[in-house]
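Reader: I have the model open beside me and would like to go through the terms one by one. Could you set each value against its definition as we go?

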Amino acid sequence: MSDPSMGRFDGKTHILPMRVYYEDTDVSGIVYHANYLRFMERGRSEALRLAGVHHMVMMSGDEPVAWTIRRIEIDYARPARLDDALEVHTRYKTLTGARLTGEQWVKRKGENLITAKIEAALITMTGKPRRIPEEVIAKLAPYLDEK
């Protein structure tokens, strides 16, 4: 049973609904550009959680590991505003070695506001890269869209 706050998968794309709050905006009522990083982080986290990959489990093993962003490329097309209902879309593309790549976009009423390409890496708590465990690969494989 999933929690509605986790969003949902539509095929291989995870969709997380969210609302723009006052705290997300600048003085003009437009979402501050850096807050899209937070929105996308939530989208990636909920996509992983819904796929069965839990951050706390990964950090509690014999060798605790965590995801870190290695690279992100963002294109801003349109601003989001206070009280807008948004959807954060996350699609994972590839899993190789210690890396996970994907795409994300934030939509308002079907219109793309931002698009991003991401590359995450799995690291130890001391910052050393680690191969993605087979059980994580197995859980994410059904959601990979390598097109």
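Reader: Gladly starting with a side chain: what makes Arg130 count as buried, partly exposed or exposed?

Author: Arg130 has a relative accessibility of 28%. Buried means under 20% relative accessible area, exposed means over 50%, and partly exposed lies in between (1.4 Å probe, protein chains only). Arg130 therefore counts as partly exposed. A word on the ground rules: this is a predicted model, where local features need pLDDT of at least 70 and side-chain atom pairs count only at pLDDT 80 or more, while totals for chains, interfaces and linings use all residues. Residues are numbered from 1 along each chain as its sequence is written, and side-chain values use heavy atoms, with hydrogens and water left out.

Reader: How do you know that Arg130 and Glu63 form a salt bridge?

Author: A salt bridge needs a side-chain nitrogen of Lys or Arg within 4 Å of a carboxyl oxygen of Asp or Glu. For Arg130 and Glu63 the closest N and O atoms are 3.0 Å apart, so the pair meets the rule. Arg130 sits in the loop between E6 and helix H3 (134-140), and Glu63 in the loop between helix H2 (55-59) and E3, so the pair ties together parts that are 67 residues apart in sequence. Glu63, at 40% relative accessibility, is partly exposed. By this rule the count comes to 13 salt bridges, and Arg70, Arg71, Arg99 and Glu119 are linked in a network of them.

Reader: What about Glu46 and Arg49: where do they lie relative to each other in helix H1?

Author: They are three residues apart in helix H1, or about one helical turn. An α-helix has 3.6 residues a turn, so residues three or four places apart point the same way. The side chains of Glu46 and Arg49 meet in a salt bridge of 3.0 Å, N to O. Glu46 is buried at 14%, whereas Arg49 is partly exposed at 32%.

Reader: How do you know that the span of H1 agrees with its 17 residues?

Author: The expected span of a helix is 1.5 Å times one less than its number of residues. For the 17 residues of H1 that gives 24 Å, and the end C-alpha atoms are 25 Å apart, which agrees. Just after H1, Gly52 takes a positive phi of about 100°.

Reader: Why are E1 and E3 said to stand at the edges of the sheet?

Author: Helices (H or I, at least four residues) and strands (E, at least two) are DSSP runs, numbered from the N terminus. Two strands pair if DSSP finds at least two bridges between them. The open sheet has six strands in the order E1-E2-E4-E5-E6-E3, with antiparallel pairing. Strand E1 (8-10) and strand E3 (65-76) each have a single partner strand, so one side of each is left without a neighbour in the sheet. As for E4 (residues 85-96) and E5 (residues 99-108), nine bridges join them, so the pair satisfies the rule.

Reader: Last one: what makes the chain as compact as a globular protein of its length?

Author: The radius of gyration is taken over C-alpha atoms, and the globule rule is 2.2 Å times the number of residues to the power 0.38. The rule gives 15 Å for 147 residues, and the chain has 16 Å, which is close, so it is as compact as a globular protein of that length. Of the 147 residues, 40% count as buried.
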